[in-house]
Amino acid sequence: MRLFDAARHQQLSGARWDADVARRAIDAIVRDCEERFSDDGLWPAHPLDHEGHPPEGPYTGVFFGAAGVIYALDVLARRGIARSTARFEWTLAMLEGANYRELRAGGCGMESYLMGRSGILLTHYRVAPSGDISDRLEKSIAANTDHPTRELMWGAPGTMHAALLMHAWTGERRWTELYRSGTRALAASLERHGEAELWTQQIWGYRLVMLGAAHGYAGNAGAIVGGLRLLEPPERDAWIKHIVAATLATASREGPLSNWPPEWPVTGRTKWLVQWCHGAPGFVIALANLRDSRLDEVLLAAGELIWTAGPLAKGAGLCHGTAGNGYAFLKLFRRTGDERWLDRARTFAMHAIAQSDTHAAQHGMRRYSLYTGDLGTAVYLMHCIEGTDQCPGLDVELFATGAAL
């Protein structure tokens with residue numbers, strides 16, 4: 001059994017880490033993004049995002065739409081390396097209705113975090129906070145608690161992240177209660193699958209048991225890990241026991257390497273992926289903040305797999321790109337204090353810069369999105385410079401307004 005497909009990866013470029021090169025890359029991405037914005041078209045959809053089916057209007061959500069671009073620009077602006085996002089207040093007010101028009105044909109996920117209304121409202125709140133926005137966000141999160149996908153992209157785990165961010169920003173108890181409602185819904189929907197208790201995803205017209213960060217177990221577990229401090233001790237201890245057991249039971253090992261399949265159980269048709277949305281990077285990013293020594297070996301083995309596989313051939317972005325995989329190294333650096341992981345993250349960063357520039361030249365445009373494109377890459381480069389590890393939209397980032405890189 002081989003735990004990764006070498007054809008999906010590239011040899012490292014060999015470029016040595018250079019913080020000045022990273023700063024110039026961030027600046028180039030940000031300036032281009034600011035220049036390409038228009039009030040009516042927002043940012044142009046990239047052909048790799050619409051895959052030959054251009055949308056009727058601009059994409060709107062956090063994952064690969066305008067809200068995610070503004071979120072990333074706001075993260076960068078608070079470091080003084082992008083213009084203030086206050087000018088997007090009108091845009092964010094308009095996005096809510098545009099998002100409804102974008103998603104209504106699918107008929108699901110309207111309140112979701114990465115694709116739907118709650119992510120737009122959260123971004124609107126961080127740019128221009130108000131009581132009205134927070135009240136509407138509260139209703140949106142509550143409406144998504146029992147979403148049948150039971151995964152991060154559309155379901156409660158995503159809106160649990162929105163509740164955690166609002167709790168961090170406001171300290172209001174209502175966000176704690178919304179988060180706890182999400183954990184209760186997840187606990188009630190667990191099912192036994194062999195040695196592990198997992199969730200069944202009702203998605204795309206199928207019932208699937210998935211393990212990845214975008215659509216499966218890792219993403220759900222990450223939402224729980226992010227808010228363990230808000231749970232009562234018995235519930236917190238039960239979740240830690242469960243997460244450790246399920247993570248170890250579903251891991252596949254090959255010598256010093258570990259990975260997780262996209263779907264459970266492993267079969268002869270399993271396609272081994274190594275990216276944030278499916279595979280080892282998503283598990284490391286989701287679970288590295290769970291300080292339980294029983295996970296040390298398997299998470300370090302997952303990091304070794306990511307390094308052995310090399311940068312992703314698909315591109316530089318977060319969801320299925322080199323920057324997303326690099327965040328696993330930043331997480332392991334924070335978990336262990338071992339500088340080797342920071343060095344690896346920065347080596348991936350240099351490769352991601354080259355990929356971003358190459359794709360921009362090939363397509364005649366940059367990719368304006370948080371999770372699939374250049375804005376997520378820019379945030380990753382910033383964290384490589386700082387040596388920090390907050391994944392945009394999933395972790396509470398440190399607000400260092402005006403801090404120089």
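In the predicted model, a cationic side chain is placed against an aromatic ring at Tyr 71: Arg 126 lies over the face of this residue, at 4.3 Å from the ring centre. A second arrangement of this kind involves Arg 2, which is positioned over the face of Phe 4 at 4.4 Å from the centre of the ring.

Aromatic pairing was examined across the whole structure, and the search returned 15 aromatic pairs. For Phe 37 and Phe 88, the ring centres are 5.1 Å apart and the planes stand at 85 degrees; because angles over 60 degrees count as edge-to-face, the pair is assigned to that class. This pair links distant parts of the chain, the two residues being 51 residues apart. Phe 37 belongs to the loop between helix 1 (19–36) and helix 2 (47–50), whereas Phe 88 belongs to the loop between helix 3 (66–77) and helix 4 (89–103). Phe 88 has a relative accessible area of 1% and is therefore buried.

A stacked geometry is found for Trp 199 and Trp 239, with 6.3 Å from centre to centre and 25 degrees between the planes. Distant parts of the chain are again linked, since Trp 199 is located in the loop between strand 2 (196–198) and strand 3 (201–203) and Trp 239 in helix 10 (residues 233–250), 40 residues apart. Both Trp 199 and Trp 239 are buried. In addition, one aromatic cluster is formed by Tyr 59, Phe 63, Phe 64, Trp 276 and Tyr 371.

Helix packing was considered for helix 5 (residues 117–127) and helix 6 (residues 131–143), whose axes come within 9 Å and cross at roughly 155 degrees. As angles over 145 degrees count as roughly antiparallel, helix 5 and helix 6 are therefore described as roughly antiparallel to each other. The crossing of these two helices is left-handed. On the helix 5 side, the residues that meet helix 6 are Arg 117, Ser 118, Leu 121, Leu 122, His 124 and Tyr 125. Their counterparts in helix 6 are Ile 133, Ser 134, Arg 136, Leu 137 and Ser 140.

The surroundings of Leu 103, a residue of helix 4, were also analysed. Leu 103 has a relative accessibility of 8% and so counts as buried. When neighbours within four places in sequence are left aside, Leu 103 is in contact with Gly 109, Met 110, Met 115, Gly 116 and Trp 154. Leu 103 and Gly 326, separated by 223 residues in sequence, are 31 Å apart in space, C-alpha to C-alpha.

Note on methods:
Residues numbered from 1 in each chain as written. Predicted model: local features only at pLDDT ≥ 70, side-chain atom pairs only at ≥ 80, totals over all residues. Heavy atoms only, no water. Phe/Tyr/Trp six-rings, centres within 6.5 Å; stacked < 30°, edge-to-face > 60°. Helix = DSSP H or I, 4+ residues; strand = E, 2+ residues; numbered from the N terminus. Buried < 20%, exposed > 50% of the residue type's maximum accessible area, 1.4 Å probe, protein only. Lys NZ or Arg CZ within 6 Å of the ring centre and 35° of its normal. Axes fitted to C-alpha atoms, helices over the stretch in contact; angles between N-to-C directions. Parallel < 35°, antiparallel > 145°, perpendicular 65-115°, else oblique. Left-handed = near helix turned anticlockwise from the far one by under 90°. Contact = heavy atoms within 4.5 Å.
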